[in-house]
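Please look through the sequence and the model below before reading on. The report that follows begins with a single residue and then widens to the parts around it.

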Amino acid sequence: MDVRADVCTGVQEGQYVRFYSASTPHPGSASNSGSARRPGRTLKLGAVLFGVGGPGQHTTWLDPDIPTNASVDVRWYIARAQQAEAAKFDHVFIVDSQFITPDSPHHYLSRLEPLTLLSAIAVHTHHIGLVGTITTSYNEPFNVARRLASLDHISGGRAGWNVVTSGDAGTAGNYGRDEHYDYATRYGRALEHVRVVQGLWDSYESDAFPRDRARGEFFDRTRQHTLDHRGEYFGVVGPLNLERTPQGQPVIFQAGDSEEGRDLGASIAEAIFTHAPSLAQAQEFRREMRARAAAKGRDPEHVLIVPGISPVIADTDAEARAKDDAARGGRSFERALANSAVRSAGTTSPATTWTPPSRTWATPARAASAPTPSRSRRWPASATSPCAKSSSTSWTPSARRSSVPR
Ligand SMILES: Cc1cc2nc3c(=O)[nH]c(=O)nc-3n(C[C@H](O)[C@H](O)[C@H](O)COP(=O)(O)O)c2cc1C
C-alpha cells in the first residue's frame with residue numbers, strides 16, 4: 001500500500017470492528033471456515049486517495065515517488081486502487097469539496113470529480129468498494145440517486161456514498177447562493193435528501209425487467225414504483241430511470257462531528273468517519289454513536305465507526321518518525337508556522353482544515369499483531385466488475401423503505 005494514502009480503519013474497545021453483524025458473517029470469515037477464530041473479528045480498511053497532498057500534506061507533491069499530476073491522472077488512481085484491492089482493502093475513498101482558494105491543499109486545487117473517477121476505477125478493479133463524497137447541500141436527490149446507482153451497476157455492486165453537507169461557506173458562491181445554509185438547514189436537507197435518494201433506489205423491484213422476447217414482455221409495470229415525495233426541502237415524483245442495482249441500496253458513509261452531524265450519522269450511516277485523535281476518544285465516539293443509533297431504533301451492530309489515520313511505514317520506529325518529519329518538512333518552527341498559516345488561510349471550516357492524525361509504527365511489529373483483513377459483505381468477492389463474467393452478489397435487496405424522513 002502506498003504510504004501516502006491515508007488509511008481508514010476501525011477500532012472498537014481495543015478490538016477491531018466489523019462491517020456486519022455476528023449473525024451475518026463474511027462468507028470467507030473464520031465463522032464460516034470453522035477455524036478457531038472468533039466470528040466477525042475482521043479488520044476493515046479503506047484507503048483515502050489524496051494525490052499530491054490533502055490537508056496538512058504540504059510537501060507530498062515534492063515526493064519523487066508521486067507524479068506531480070497524480071490528482072488528475074486517472075492511471076495513478078487506478079494503480080492505487082488495484083494495489084489496495086490486492087492488499088485486501090475494503091474500499092477506496094474519494095474526498096471532495098467544491099470551493100477553493102489559492103491556499104487550498106495541493107490536491108484540492110485541481111482534482112477529478114469523485115463519481116466520474118470511481119466509474120473509471122470500477123472497470124479496472126473487481127472487488128474493492130468505491131466510496132465517493134457527494135454533498136447534499138448542492139445537489140438534487142434525483143441526480144445523486146442516478147449517479148450512484150449508475151456506479152453500482154458499472155461496478156457490479158460496489159458503490160458507496162460519503163454523505164457530506166459542505167462545511168465551506170464559500171461553496172454557496174459557486175451555486176448562485178448568497179449564503180451557505182445554516183447547520184439546521186444543512187442537516188435537515190441532508191436527512192431528507194438521503195431518504196429521497198434511498199426511496200428512488202427502490203423505484204424498481206429486482207424482477208421488474210423480465211426482458212422476455214418469447215413472451216414479448218420487456219418490463220413488468222407492477223414492479224415499478226413512483227415515489228411521490230413532497231417534503232420540507234424536496235419534491236420528487238420519481239421513479240428513477242434506472243433499474244434496481246446489484247446492491248439495491250449502495251452503502252451510506254457519513255462524517256460529521258457537530259450535534260447535527262452526529263444525529264444524521266446515527267440516522268442514516270452504515271459507516272461513520274471520525275478523526276478521533278486517540279483510541280480512548282474513538283471508543284467514546286463509538287459508544288455515543290451506537291447509543292444514538294439504538295435510540296433511533298437501529299441495530300448498533302449495523303453502524304461501523306471508521307477512524308482516519310495516516311500511517312507512516314518503515315522498518316523501525318525511529319525510521320518511521322524520521323520519514324514523517326521529512327514529509328512534514330522537518331521540525332522547523334518556521335515551517336510549522338507556515339503550514340499552520342496555510343491551513344487557517346484556506347478556510348475556517350472543519351471540512352477543509354481537517355488533518356488526518358498521523359500514526360507511526362514499525363512495519364514488522366504491526367504486521368505481526370494485525371488480524372487478516374477481509375472484504376465486506378456488500379462488496380463480496382463474488383461482486384464483479386464488467387471486466388469479469390458474472391455479476392452476482394450475495395446481498396438480498398432491503399425491504400422497501402418509506403420516503404418519509406425520520
Ligand atoms: C474522515 C473524514 C472525511 C471527510 N471528508 C469530507 C469530504 O470529502 N468533503 C467534505 O465536505 N467534508 C468532509 N468531511 C467533513 C465532514 O463532512 C464534516 O463537515 C466535518 O466533520 C464537520 O462536521 P460538522 O459538519 O458536523 O460540523 C470529512 C470528515 C472526516 C472526519
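## Glu260 and its helix

Glu260 lies in helix 7 of this predicted model. With 19 other C-beta atoms within 10 Å, Glu260 counts as partly exposed, because a residue is called buried if 20 or more such atoms lie within that distance. Leaving aside its neighbours within four places in sequence, Glu260 is in contact with Tyr183, Ala184 and Tyr187. Glu260 and Tyr183 are 77 residues apart in sequence, yet their C-alpha atoms are 7.2 Å apart in space.

Helix 7 as a whole is mostly covered, since seven of its 10 residues are buried. These buried residues are Gly261, Arg262, Leu264, Gly265, Ala266, Ser267 and Ile268. What covers them includes strand 7, helix 6, strand 10, strand 11 and helix 8, the last of which spans 279–295.

## Two pairs of packed helices

Two packed helices are described by the angle between their axes and the distance between the axes. The axes of helix 6, which covers residues 183–201, and helix 7 come within 10 Å and cross at roughly 10°. An angle under 35 degrees counts as roughly parallel, and helix 6 and helix 7 are therefore roughly parallel to each other. On the side of helix 6 the contact is made by Tyr183, Ala184, Tyr187, Ala190, Leu191 and Val194, while helix 7 contributes Glu260, Gly261, Leu264, Ser267 and Ile268. By class, this contact has eight nonpolar, two polar and one charged residues.

A second pair is formed by helix 4, residues 114–122, and helix 5, residues 141–155, which pack at an angle of about 10° with their axes 9 Å apart. That makes helix 4 roughly parallel to helix 5. Leu115, Leu118, Ser119 and Ala122 of helix 4 make the contact with Arg147, Leu151, Ile154 and Ser155 of helix 5. The residues of this contact divide into five nonpolar, two polar and one charged.

## The whole protein and its core

The protein has 12 helices and 13 strands, and of its 406 residues 44% count as buried. Among contacts between residues at least 6 apart in sequence, 75% join residues at least 24 apart.

The largest nonpolar core has 62 residues, and those with the most contacts inside it are Val92, Leu130, Phe253 and Ile272. Helix 6 gives the largest share of this core, eight residues. Phe253, one of the residues with the most contacts inside the core, is in contact with Val131, Gly160, Trp161, Asn162, Val163, Ala269, Ala271 and Phe273, once its neighbours within four places in sequence are left aside.

## Around the ligand

Which residues come nearest to the ligand? Of the 21 residues around the ligand, these are Val95, Ala255, Gly256, Ser258 and Gly261. The elements that give two or more residues to this shell are helix 7 (259–268), strand 11 (271–274) and helix 11 (350–353). By class, the residues of the shell divide into seven nonpolar, 11 polar and three charged. Gly261 thus appears in several parts of this picture, because Gly261 is among the residues nearest the ligand, is buried in helix 7 and takes part in the contact with helix 6.

## Loops and unusual backbone

Most residues other than glycine have a negative phi, and most peptide bonds are trans. Ser166, in the loop between strand 7 and helix 6, has a phi near 70°, a positive value in a residue other than glycine. With 26 C-beta neighbours inside 10 Å, Ser166 counts as buried. Arg211 also has a positive phi, of about 45°, although it is not a glycine. Arg211 is found in the loop between helix 6 and strand 8, and with 8 C-beta neighbours inside 10 Å it counts as exposed.

The peptide bond from Gly238 to Pro239 is cis, with omega near -5°, and Pro239 lies in the loop between strand 9 and strand 10. Gly173 has its place in the loop between strand 7 and helix 6, where it is partly exposed, with 13 other C-beta atoms within 10 Å. The C-alpha atoms of Gly173 and Phe99 are separated by 8.6 Å, although these residues are 74 residues apart along the chain.

Definitions and conventions:
Residues are numbered from 1 along each chain as its sequence is written. This is a predicted model: local features need pLDDT of at least 70, side-chain atom pairs count only at pLDDT 80 or more; totals for chains, interfaces and linings use all residues. A residue is near a molecule or strand if its C-beta atom, placed from the backbone, lies within 6 Å of it. Helices (H or I, at least four residues) and strands (E, at least two) are DSSP runs, numbered from the N terminus. Ala, Val, Leu, Ile, Met, Phe, Trp, Tyr, Cys and Pro count as nonpolar, Asp, Glu, Lys and Arg as charged, and the others, Gly among them, as polar. A residue is buried if 20 or more other C-beta atoms lie within 10 Å of its own, exposed if 12 or fewer, and partly exposed in between; C-beta atoms are placed from the backbone. Two residues are in contact if their C-beta atoms, placed from the backbone, lie within 7 Å. Axes are lines fitted to C-alpha atoms, for helices over the stretch in contact, and angles run from 0 to 180 degrees between N-to-C directions. Angles under 35 degrees count as roughly parallel, over 145 as roughly antiparallel, 65 to 115 as roughly perpendicular and the rest as oblique. A nonpolar core is a set of buried Ala, Val, Leu, Ile, Met, Phe, Trp, Tyr and Cys residues joined through C-beta atoms within 7 Å.
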